[in-house]
Structures are given as structure tokens and as C-alpha cells.
Amino acid sequence: MRLFSRQRKGAQEPVQISERGGVRYMHLGGPAVQSAMRIKEPWSLELEYTRAMFTFLLFHPAPSDIALIGLGGGSLAKFIHRNLPEARLTALEINPEVVAAARAYFHLPDDDERLETRIGDGAAYVHAHPDSQDVLLVDGYDAKRIVEALSTVDFYRACKAMLRPGGVAAFNLWGSDEYFPRYFERIAAVFGQHVLQLPSERKGNIIVFAFNKPLPNVGFVALERAALQWRDVLDLEFPDFVGRMRHWNPVGERGFVL
């Protein structure tokens, strides 16, 4: 059932909202799901890839400043705002209708001292704010694929420059995208091969974590302990994510090879 569909002249893809099985979905100009919210649990993370992106907490457990490029329905923004009270979040979204839909249908809270939602070019924002963030989350898609401006070598260089020492970036990529190897190679090259992959079990999303020096402790004992602690705090399947990363990434005797 479509609840919301409008497009301003000259805007990006029209925003459409549908519901099925108690879950509300956001679409941009096509059937692909951009965001999802279980109506009876609006503050939970319905899509697995969004939960996987929060694995950044195992590597940077107390971020002060987080930037999010690509708002969607606001799932990531809501979860940060509700569960990380010490963090300030700046969310960039180029399509004003997406912001309107996130607030009208997905419970995105109003801006306050810990949440700033900006309508504008996320790539330009990253380029303009070096050394400003502890964590950067990039989740910017149109109806067909990742936004081109969010997948260039220059953009990935700006992402690295945006991170403070010890910062971490999380990029949501589609493993089924024919250009996935190209995007991954660009990220790995820019970040000096200091990257880890975390595939989602559903929908083919692959979260790529990239690290700015000094590198985090990626020993298995420390990560597994942190995963258990964060699982109890946020009720997310962090131990499963660590096990999946261990399967997908090069490992040494003490942990991941970064």
C-alpha cells in the first residue's frame, strides 16, 4: 500500500512508502527498499545491514562526532540518537523529500543539540570537513546503485581525511553490484589496506570498515569480549558479526590482519 509519493520539480527520485506484514518501507523511484521500520518497534533496526554497520562500536566504542551520508528512513540516525547519548550526529541527505518522509512516517526526531539533519550534498560535506569525525557512515543510494559521487577515489580520500586519528568509516556496498570489486579496491587502496568486510546474510549488502591510524585492537579475544558487552547493551548480534568477519577477512595468530 502506497502511503506517500511526491516529487518536487527538479528533485531526485520520487519518495514512495509501502507497508507489508507490519513493516513500513521507503523506496526511491523503484521497488528497491531504501529503508524499513517495523511499525510496532520503530526504534529497532529492521534491516540486518543497518545492525551490521553498528559493528563500528567494537573498534571505536565512544565516538563524540558521527557523520551519516544518506539518511533514508532515518534508521541509523534514530538508533544513534536513542542509544549513544554522548555522540553528536550530523546526517546529510540531498533529497528534501526523504527528510520529510523520514519525519512523517519513520519517527525521525527533530534536530536538537545531538542531532543535526542537513539537506545538501554529502560528498561536498565530507570534502569540506577534514579531521572532524570519529565515525563516518556512508549509505547513499539512488534507485539503482550507489550514488556516483560517493564512490570515487577522491571521495574515499576525503573520507579518510575527515576521520580523526583512530577513526573508522563504514561503507554500505551491494555485493551483487558489478562494480563492487572496483569500489572495494578503491577503499582499500586509499586506506592503505586497513579494511575489513562484513557481509550481511540477507540482500547481499557488504559493510566495508576502513580505519585511520592508529589502528584498533583487532585481536579475537578483545573483539569477542567487546561483542558480548555490546550485545547485552544494544541487543544486536555482534558475536555473529565477529564470527562472520573472521570467516571473510585475512587473519593471523592474534587477530585480523590490518
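The open sheet of this predicted model has 7 strands in the order β7-β6-β5-β8-β9-β11-β10, with mixed pairing, where strands (E, at least two residues) and helices (H or I, at least four) are DSSP runs numbered from the N terminus, and two strands count as paired if DSSP finds at least two bridges between them. Because β7 (115–119) and β10 (195–199) stand at the edges with a single partner strand each, one side of each is left without a neighbour in the sheet. From one strand to the next the twist averages 15 degrees. Strand β6 (residues 88–93) pairs with β7 in the parallel sense over 5 bridges, and leucine 89 has leucine 115 in β7 as its bridge partner.

Residues are numbered from 1 along each chain as its sequence is written. Local features need pLDDT of at least 70 and side-chain atom pairs count only at pLDDT 80 or more, while totals for chains, interfaces and linings use all residues, and side-chain values use heavy atoms, with hydrogens and water left out.

Helices also lie on the sheet: α3 lies across β5 (65–69), β6, β7 and β8 (133–138), running at about 165 degrees to β5, with angles taken from 0 to 180 degrees between the N-to-C directions of lines fitted to C-alpha atoms, for helices over the stretch in contact. Helix α7 (residues 180–190) packs on the sheet by touching β9 (163–174), β10 and β11 (205–211), and its direction makes about 175 degrees with that of β9; contact here means heavy atoms within 4.5 Å.

Turning to α8 (residues 220–234), its 15 residues should span 21 Å at 1.5 Å a residue, and its end C-alpha atoms are 20 Å apart, which agrees; the expected span is 1.5 Å times one less than the number of residues. Phe220, Leu223, Ala226, Ala227, Trp230 and Leu234 of α8 are buried, and they cover an arc of only 130 degrees around the axis, which puts them on the same side of α8, the arc being that of the directions from the helix axis to the C-beta atoms. On the other side of α8, Val221 and Asp232 are exposed; buried means under 20% relative accessible area and exposed over 50%, with partly exposed in between (1.4 Å probe, protein chains only). The buried residues of α8 pack against α2 (56–59), α3 (75–83) and α9 (238–248).
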